[in-house]
Amino acid sequence: MREWRGELRNFLFRLFGFGSLLVALAVVFGEPITRTAIPPMQAWLELVDRSYVSVRLESRQEGRELMIHREVTPRHPHVLGPRQRIVMPGTLIETNVSAGLLLQTLVLGLALACAWPVRRGWREIGIRLVVASVLLAVAVALDVPLLLYAFAWNSEQSAVDPEARSLLVYWGDFLQLGGRYALAIGAAAGATAAGRRASGGVF
Amino acid sequence: MSIRSRIALFAALFLGMQTLVAEAWDAGLSAILIDRWTVAPCAWLARHLLGQADALAIGSRVVSPAASMNVLFGCDGSDVALLLVAAVLAAPLGWKPRVAGILAGLLFVFSVNQARLLALYCSLLAGGRWFGTLHEVVAPLAVVALVLSFFLALLAFGRPAPAPGPSL
């Protein structure tokens with residue numbers, strides 16, 4: 001029991017330390033990190049978003065928050081709702097997502113991956129950080145870009161058929177209701193297990 | 001139960017509860033969770049702890065002449081509450097610590113979330129310069145770290161004692 005308490009206390013100290021450092025980095029480098037993430041996000045959206053074409057995707061300061069702003073137009077004419085309203089290409093839809101959502105996953109996942117107890121020294125930490133970065137990049141790709149897609153879809157759908165639900169809207173709800181934290185914690189747990197295994201330990 | 005089975009149970013419980021909450025959201029749950037259980041206590045705390053005598057709970061908003069804050073879907077702490085409840089239900093705990101853990105955990109999440117909202121409200125009172133950073137980066141990390149610590153402490157203290165071995 002005493003050992004557990006000590007380990008928990010040390011884990012919390014490390015989490016506080018790494019968390020503070022990563023938050024400071026996110027505050028200082030938040031804008032360049034977001035700007036760097038825009039081109040791969042654009043490429044990813046072109047691949048997964050079969051409904052809309054991006055007219056504009058950029059980071060911009062809106063009031064007190066840095067936002068990721070996307071303007072889209074339908075890729076092809078599509079029919080919406082029970083009254084079969086046809087939406088034609090050329091219609092502009094604007095969506096915004098806070099850039100902090102992108103940083104949130106990275107900061108949380110990396111802080112947990114760094115703070116979890118290390119059994120086998122620097123090699124384990126190195127492997128853990130590499131795996132965490134890859135897994136967190138996947139988590140971010142499943143988060144902000146798909147939210148931008150979901151919001152565009154939802155803004156059209158809710159105007160003509162508020163009862164209708166789509167997989168995208170379910171995914172958005174999943175992320176908002178703790179799914180984003182679950183992805184970050186899962187990425188950190190996966191990286192910790194991989195680091196331990198690759199450095200010769202047993203998970 | 002193996003660790004893989006527990007992870008699968010956690011995922012199933014988390015997704016199941018999430019679906020229930022999302023479905024019930026528009027059917028009145030938002031008014032209960034946000035307006036009554038989140039915004040009203042936050043306005044009360046703002047009046048009594050921050051000295052904002054004019055702070056009022058109006059729907060999903062905490063409103064005063066100095067600052068106004070809108071509490072949205074996901075800002076009521078239900079996100080971490082669902083994660084915690086699913087984790088406690090799937091954890092290797094006896095039924096007493098499990099029930100106590102869920103009840104105490106929900107109270108803990110409520111308190112942490114109220115502290116988070118008050119901190120955000122204070123940042124608005126101070127001009128709002130740090131609102132974005134606090135809202136999107138600092139507060140989520142702090143809330144998850146605190147709730148994770150609660151869960152780890154519960155695991156450490158509530159684990160069933162190992163069965164006594166044969167005495168020599």
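Guide: Two residues are in contact here when they have heavy atoms within 4.5 Å of each other. Keep that in mind as we go through this predicted model.

Visitor: Let's put it to use. Which residues does A:Leu148 touch, not counting those up to four places away in sequence?

Guide: A:Leu148 touches A:Met41, A:Leu45, A:Leu57, A:Ile68, A:Arg70, A:Thr95, A:Asn96 and A:Val97.

Visitor: And how should I read a nonpolar core?

Guide: The general idea first: in soluble globular proteins, nonpolar side chains tend to be buried together. Here, the largest nonpolar core has 94 residues, and the members that touch the most others are A:Met41, A:Ile68, A:Leu102, A:Val144, A:Leu148 and B:Met69. As for elements, helix 4 of chain B (residues 131-158) gives the most to this core, with 13 residues.

Visitor: Back to chain A, then. Which residues are buried in helix 4 of chain A?

Guide: They are A:Val144, A:Pro145, A:Leu146, A:Leu147, A:Leu148, A:Tyr149, A:Ala150, A:Ala152, A:Trp153, A:Glu156 and A:Gln157. You can also check the helix's length: its 17 residues, at 1.5 Å a residue, should span 24 Å, and the end C-alpha atoms are 25 Å apart, which agrees.

Visitor: What does that check give for helix 3 of chain A, residues 121-141?

Guide: It agrees there too: 21 residues should span 30 Å, and the end C-alpha atoms are 31 Å apart. The buried residues of helix 3 of chain A are A:Glu124, A:Ile127, A:Arg128, A:Ala132, A:Leu136, A:Ala139 and A:Val140. Their cover includes helix 2, helix 4 and helix 5 of chain A.

Visitor: Next up, aromatic rings. What do I look at?

Guide: A pair of aromatic rings is described by the distance of the centres and the angle of the planes. Over all chains, this structure holds seven aromatic pairs. One of them joins A:Tyr52 and A:Tyr149, at 6.2 Å centre to centre with 90 degrees between the planes, an edge-to-face pair. That pair links distant parts of the chain, with A:Tyr52 in strand 1 (residues 52-62) and A:Tyr149 in helix 4 (residues 144-160) of chain A, 97 residues apart. Both A:Tyr52 and A:Tyr149 are buried.

Visitor: Why does the pair of A:Trp171 and A:Phe174 count as stacked?

Guide: Stacking needs planes under 30 degrees apart. The planes of A:Trp171 and A:Phe174 are at 25 degrees and their ring centres 4.9 Å apart, so the pair is stacked.

Visitor: Where do A:Trp171 and A:Phe174 lie?

Guide: Start with the geometry: an α-helix has 3.6 residues a turn, so residues three or four places apart point the same way. A:Trp171 and A:Phe174 both lie in helix 5 of chain A (residues 167-198), three residues apart, about one turn of the helix. Their burial needs the 20% cut-off, since buried means under that value. A:Phe174 is at 13% relative accessibility and counts as buried, whereas A:Trp171, at 25%, is partly exposed. Ring pairs also link A:Trp171 and A:Phe174 with B:Phe10 and B:Phe14 into a cluster.

Visitor: Let me try single residues. Is A:Thr34 buried or exposed?

Guide: With 0% relative accessibility, A:Thr34 counts as buried. A:Thr34 sits in helix 1 of chain A and, leaving aside neighbours within four places in sequence, is in contact with A:Ser59, A:Leu66, A:Ile68 and A:Ala99. Compare A:Glu7, which is also placed in helix 1 of chain A, but counts as partly exposed at 33%. Not counting residues up to four places away, A:Glu7 touches A:Pro117 and A:Arg119. The C-alpha atoms of A:Glu7 and A:Trp116 are separated by 9.6 Å, though their positions lie 109 residues apart along the chain.

Visitor: I'd want to know about pockets as well. How much space lies in the largest pocket?

Guide: About 1700 Å³. Of its 44 lining residues, the closest to the centre are A:Trp116, B:Ile3, B:Phe151, B:Leu152 and B:Leu155. Elements giving two or more residues to the lining include helix 1 of chain A and helix 1 of chain B. Helix 5 of chain A supplies the largest share, 10 residues.

Visitor: Last one: how do I sum up chain B?

Guide: Begin with its secondary structure, four helices and three strands, which follow the pattern α-β-β-β-α-α-α along the sequence. Then take its extent: the C-alpha trace spans about 75 × 35 × 25 Å along its principal axes. Of the chain's 168 residues, 46% count as buried. Finally, among contacts in chain B with a separation of 6 or more, 67% are between residues 24 or more positions apart.

Methods
Residues numbered from 1 in each chain as written. Chains lettered and ligands numbered in written order. Predicted model: local features only at pLDDT ≥ 70, side-chain atom pairs only at ≥ 80, totals over all residues. Heavy atoms only, no water. Phe/Tyr/Trp six-rings, centres within 6.5 Å; stacked < 30°, edge-to-face > 60°. Buried < 20%, exposed > 50% of the residue type's maximum accessible area, 1.4 Å probe, protein only. Core = buried A, V, L, I, M, F, W, Y, C linked by side-chain atoms within 4.5 Å. Expected span 1.5 Å × (residues − 1). 1 Å grid on protein atoms, 1.4 Å probe; cavity = no way out; pocket = protein on both sides within 12 Å on 5 of 7 lines; lining within 4 Å. Points joined across faces, edges and corners; volume = space filled by probe spheres on them.
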